[in-house]
Amino acid sequence: AFAKPEDAIKYRQSALSVLGTQFGRLAPVVREQAPFDAAAVQKQTALLTQLAALPWEAFGPGTEGGKARDDVWKETPKFQQAATNMQTAMAKLDDAAKSGDLAQVKAAYGAVGQSCKACHDSFRNR
Ligand code: ASC
């Protein structure tokens, strides 16, 4: 629960910021600019699946604002679906990491990025 809307906005912005930063830490591996350490990637995807669950409770009724478009509250089922899609994609990235196969990690990483972008395109102001 949040005492005031500003607290919810601040919480979701920080949660999404950490999520983006921690997701981006895998980019050098996926781009083959850093070695593929399967154990380290697995540790990171386990963290990411946890982080992916955090922002959504802070988009409750009456918390309009920040960069969120009003569609979050006008098209709530679509927003929730977009949030679920990202978490599902993240769980698949975690599965891919457990496989130890870089090709699978690359594909799953791209799918997560797409799910981030899809939600931003529909629900985030520039
Ligand atoms: C990231 C990040 C996003 C997504 C998106 C993918 O690393 O912070 O919001 O990927 O840019 O298109």
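Start at the ligand and select what surrounds it: Gly20, Phe23, Gly113, Cys116, Lys117 and His120. "Around" here asks that a residue have one of its heavy atoms within 4 Å of the molecule. With the protein in place, 56% of the 310 Å² of accessible area that the ligand has on its own is covered; accessible areas come from the Shrake-Rupley method with a 1.4 Å probe, and for residues only the protein chains shown count as cover.

Before you go on, keep in mind that this is a predicted model, in which local features need pLDDT of at least 70 and side-chain atom pairs count only at pLDDT 80 or more, while totals for chains, interfaces and linings use all residues. Residues are numbered from 1 along each chain as its sequence is written, and side-chain values use heavy atoms, with hydrogens and water left out.

Now colour by helix. Which helices each supply at least two residues of the shell around the ligand? They are helix 1 (5-24) and helix 6 (102-123), with helix 6 giving the largest share, four residues. Helices, by the way, are DSSP runs (H or I, at least four residues), numbered from the N terminus. By class, the shell has two nonpolar, three polar and one charged residues. For that split, Ala, Val, Leu, Ile, Met, Phe, Trp, Tyr, Cys and Pro count as nonpolar, Asp, Glu, Lys and Arg as charged, and the others, Gly among them, as polar.

Stay with the shell and pick Phe23, in helix 1. Phe23 counts as buried because its relative accessibility is 11% (buried is under 20% relative accessible area, exposed over 50%, partly exposed in between, with a 1.4 Å probe and protein chains only). Show its contacts, meaning heavy atoms within 4.5 Å: not counting residues up to four places away in sequence, Phe23 touches Leu48, Met90, Leu93, Tyr109, Val112 and Gly113. For a sense of scale, draw a distance to Arg12: the two C-alpha atoms are eleven residues apart along the chain and separated by 16 Å.

From Phe23, hop to Tyr109 in helix 6. Tyr109 is buried too, since its relative accessibility is 12%. Beyond four places in sequence, Tyr109 touches Phe23, Gly24, Leu26, Ala27, Val30 and Leu93.

Next, the pocket. Rolling a probe the size of a water molecule over the atoms shows where empty space is left. The largest pocket holds about 490 Å³ of space. A pocket is an open set of points on a 1 Å grid over the protein atoms alone, where a 1.4 Å probe fits, with protein on both sides within 12 Å along at least five of seven lines; lining residues have an atom within 4 Å of a point. The points are joined across faces, edges and corners, and the volume is the space filled by probe spheres set on them.

Select Arg12, Leu16, Phe59, His120 and Arg124: of the 22 lining residues, these are the closest to the pocket's centre. Helix 1, helix 5 (76-99) and helix 6 each supply at least two residues of the lining, and the largest share, seven residues, comes from helix 1. The lining divides into twelve nonpolar, seven polar and three charged residues.

Then try a pair of glutamines. Gln22 lies in helix 1 and Gln44 in helix 3 (38-51). Buried or exposed, Gln44? Gln44 is buried, because its relative accessible area is 11%; Gln22 is buried as well, with a relative accessible area of 18%. The two are 22 residues apart in sequence and 7.7 Å apart in space, C-alpha to C-alpha. Leaving aside neighbours within four places, Gln44 is in contact with Gln22, Arg25 and Leu26, while Gln22 touches Gln44, Leu47, Leu48 and Leu51.

Still in helix 3, click Thr45. Thr45 counts as buried, at 0% relative accessibility, and touches Leu26, Leu93, Asp94 and Ala97 beyond four places in sequence.

Finish in the loops. Glu32 is found between helix 2 (27-30) and helix 3; its phi is near 60°, a positive value in a residue other than glycine. Glu32 is exposed, with a relative accessible area of 54%. Gly65 is in the loop between helix 3 and helix 4 (71-74) and is partly exposed, at 23%. Leaving aside neighbours within four places, Gly65 is in contact with Ile9, Arg12 and Trp73.
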